[in-house]
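Work through these exercises with the structure open beside you. Try each task before you read its solution.

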Amino acid sequence: MTGAEASEPTMTLPERPRAAGRQDWTAWPRYDEAGSGYRGYWYPVTWSSHITKDPKSYTVCGEKLAIIRDDGKAYALHDRCPHRGVPLSEGDQQFPGTVSCPYHGWTFRLTDGKLAAVITDGPDSKICGKLSVQTYPVQERLGMVWVYIPIGSEPATSIDDQLPLELVENEGIVGGRIQRRGGNWRFACENGFDEGHAKYLHRTSLWRLFKPMPTWNITSIVPDGRWIYRVQDEVYWEADFPGVGKWTNKRWWKKKPDEGKISQIGNTGAGLKVNPVIAAQNFPGFASLSMPGVLRIAYPTFIHYEFYVPVDEDNHQYVGLMVNFVTGVKKLGFYAKYLGAIRWLFHGQFSGQDEWMVRVTDAPPEKLYRPDVSLTAWRNLAEREYAEKIAAAVAYAPDPPVRAAREHRKPVARNPVAPASEATAPGVEAGATPATGTTE
Ligand code: FES
Ligand SMILES: [Fe+2]
């Protein structure tokens, strides 16, 4: 054997092809971990009219909540009796200002969660006052009950600082749909702001039956305050794809697009007169997004909002609101239009196409393409804002440690999340803005 033969052969690995786009979410570590949602925000849970003196069960950010109304105010408590773990939402009210567990009658005060009476241990029960269940700040806005899910022991932020400003400052009317949906909340949020999908996925929707959609756009993402906006720089209504053929969304029965004009209100070109409240906002782009997953789509006569409420890793709650900034008798016209058409076409079939895609999305891994700048810009925004929020929460309460780790805790699927009757709650809610009531 020669020396040359004794040496290890040199192995040349084939060069790995460079992958297009990003593969995983390591560039956004907090976002990657936030499968059960971001704590430290207000979330809309249900319509105000659904909260009565009978407690009901909801899950937000993996947290089980029992929500109940007493003397006009809504309250949220951790939905677990400390005695044997029975959900308080299975119980009822035996005394004003309290809720009683159905098993042995442990009775908790709604204001602070303190154990106020133990019915089966007599009036001198020694355990009274020694235990409590966690309570959560509650507010009512836009005809809905909102709950603040804390990071640690920090005080709740102002809900008005989180709501879109135009909803706080202007009177409007709301039609909407709240629906429990499969799929992680991040897929729903990314779908809402996704630049590429609407033109293709929704081209078959009845909502778009007479309105053409572009074939492709050049879009940039513009930050402004706590929002990012999709700005349409160039719009192409048809295109020749080399070696494949021509493709367009134009049809003889659809309205002809105004090809010379790029509108930042609505995505089908300029058209209707813009409502003065909407025009006054001067939105840089018609689609915008803010934390913790609030989408705003500005059309000439209304603004559509979507709130993606994290339930757990595999489910979210879709809250779709259409807000018209009209007063007086014009409200009646909106209700007729909402119930007669919009609710079914827009919040139904159109939004159902999104629901379908969110349910079947499976990422990462992923390979992004040019229009996905909308997704990466959102993830960058979320990463930055949540880092600031965690820093502020730590500064407020360094001891005990902030429960940041809970944001990615997988909840134990022991209890039903929401009653079926609550999961789908379409309807018109006469939620005037500003606030319909303050309950905290
Ligand atoms: S489990 Fe709630 S009172 Fe016993
Ligand atoms: Fe969509």
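## Exercise 1: A hairpin and its sheet

In the hairpin of β2 and β3, two residues lie between the strands, and C61 takes a positive phi near 50 degrees. The model is a predicted one.

**Task.** Find how β2 and β3 pair, then place them in their sheet.

**Solution.**
- Step 1. Locate the strands: β2 covers residues 56-60, and β3 covers residues 63-70.
- Step 2. Count the bridges. Five of them join β2 to β3, and the two strands run antiparallel.
- Step 3. Pick one pair. S57 has A66 in β3 as its bridge partner.
- Step 4. Move on to β4, residues 73-78. β3 and β4 are also antiparallel, with six bridges. Here A66 stands opposite L77.
- Step 5. Write the order of the sheet. It is open, has four strands and reads β2-β3-β4-β8, with antiparallel pairing.
- Step 6. Find the edges. β2 and β8 (135-136) each have a single partner strand, so one side of each lacks a neighbour in the sheet.
- Step 7. Check the cover on β2. Four of its five residues are buried, so count β2 as mostly covered.

As a reminder, strands of a sheet pair through backbone hydrogen bonds, either parallel or antiparallel.

## Exercise 2: An enclosed strand

**Task.** Decide how many residues of β10 are buried, and name the strands that pair with it in the antiparallel sense.

**Solution.**
- Step 1. Take residues 144-149, which make up β10. Six of the six are buried, so the rest of the structure largely encloses this strand.
- Step 2. Split the strand into its two faces. M144, W146 and Y148 are on one side. V145, V147 and I149 are on the other. Both faces are covered.
- Step 3. Look at β1, residues 41-47. It pairs with β10 over six bridges, in the antiparallel sense. P44 has W146 as its bridge partner.
- Step 4. Look at β9, residues 138-141. Four bridges join β9 to β10, again antiparallel. V138 stands opposite V147.
- Step 5. Inspect the turn. β9 and β10 form a hairpin with two residues between them, and L142 there has a positive phi of about 55 degrees.
- Step 6. Follow W146 outward. Leaving out residues up to four places away in sequence, W146 touches W42, Y43, P44, V45, V138, Q139, E140, R141 and I159.
- Step 7. Turn to the largest nonpolar core, which has 83 residues. Y43, V60, I67, V145, W146, V147 and V323 touch the most other members.

## Exercise 3: Two loop residues

**Task.** Are T215 and V133 buried, partly exposed or exposed?

**Solution.**
- Step 1. Place T215. It sits in the loop between α6 (197-201) and β12 (216-224).
- Step 2. Apply the cut-off. A residue needs 20 or more C-beta neighbours within 10 Å to be buried. T215 has 19 inside 10 Å, so it counts as partly exposed.
- Step 3. Place V133. This residue is in the loop between β7 (115-118) and β8.
- Step 4. Apply the cut-off again. V133 has 21 C-beta neighbours inside 10 Å, so V133 counts as buried.
- Step 5. List contacts, leaving out residues up to four places away in sequence. T215 touches K199, Y236, W237, E238, A239, W247, T248 and N249. V133 touches L77, H78, P82, F108 and G113.
- Step 6. Compare sequence with space. T215 and R203 are twelve residues apart along the chain, and their C-alpha atoms are separated by 9.8 Å. V133 and L88 are 45 residues apart in sequence and 10.0 Å apart, C-alpha to C-alpha.

## Exercise 4: After the loop

**Task.** What follows T215 at β12, and how does β12 pair with β13?

**Solution.**
- Step 1. β12 spans residues 216-224. Nine bridges join β12 to β13 (residues 227-236), and the two run antiparallel.
- Step 2. Choose a pair. S220 has V231 in β13 as its bridge partner.
- Step 3. Check the turn. The two strands form a hairpin with two residues between them, and G225 has a positive phi of about 65 degrees.

## Exercise 5: The whole protein

**Task.** How many helices and strands are there, and what share of the residues is buried?

**Solution.**
- Step 1. Count the elements: ten helices and 20 strands.
- Step 2. Take the share. Of the 440 residues, 40% count as buried.
- Step 3. Check one helix, α5 (residues 185-193). Nine of its nine residues are buried, so α5 is largely enclosed by the rest of the structure. Among them are W185, F187 and F193.

Definitions and conventions: Residues numbered from 1 in each chain as written. Chains lettered and ligands numbered in written order. Predicted model: local features only at pLDDT ≥ 70, side-chain atom pairs only at ≥ 80, totals over all residues. Buried ≥ 20, exposed ≤ 12 C-beta atoms within 10 Å, placed from the backbone. Contact = placed C-beta atoms within 7 Å. Pairing = 2+ DSSP bridges. Core = buried A, V, L, I, M, F, W, Y, C linked by C-beta atoms within 7 Å.
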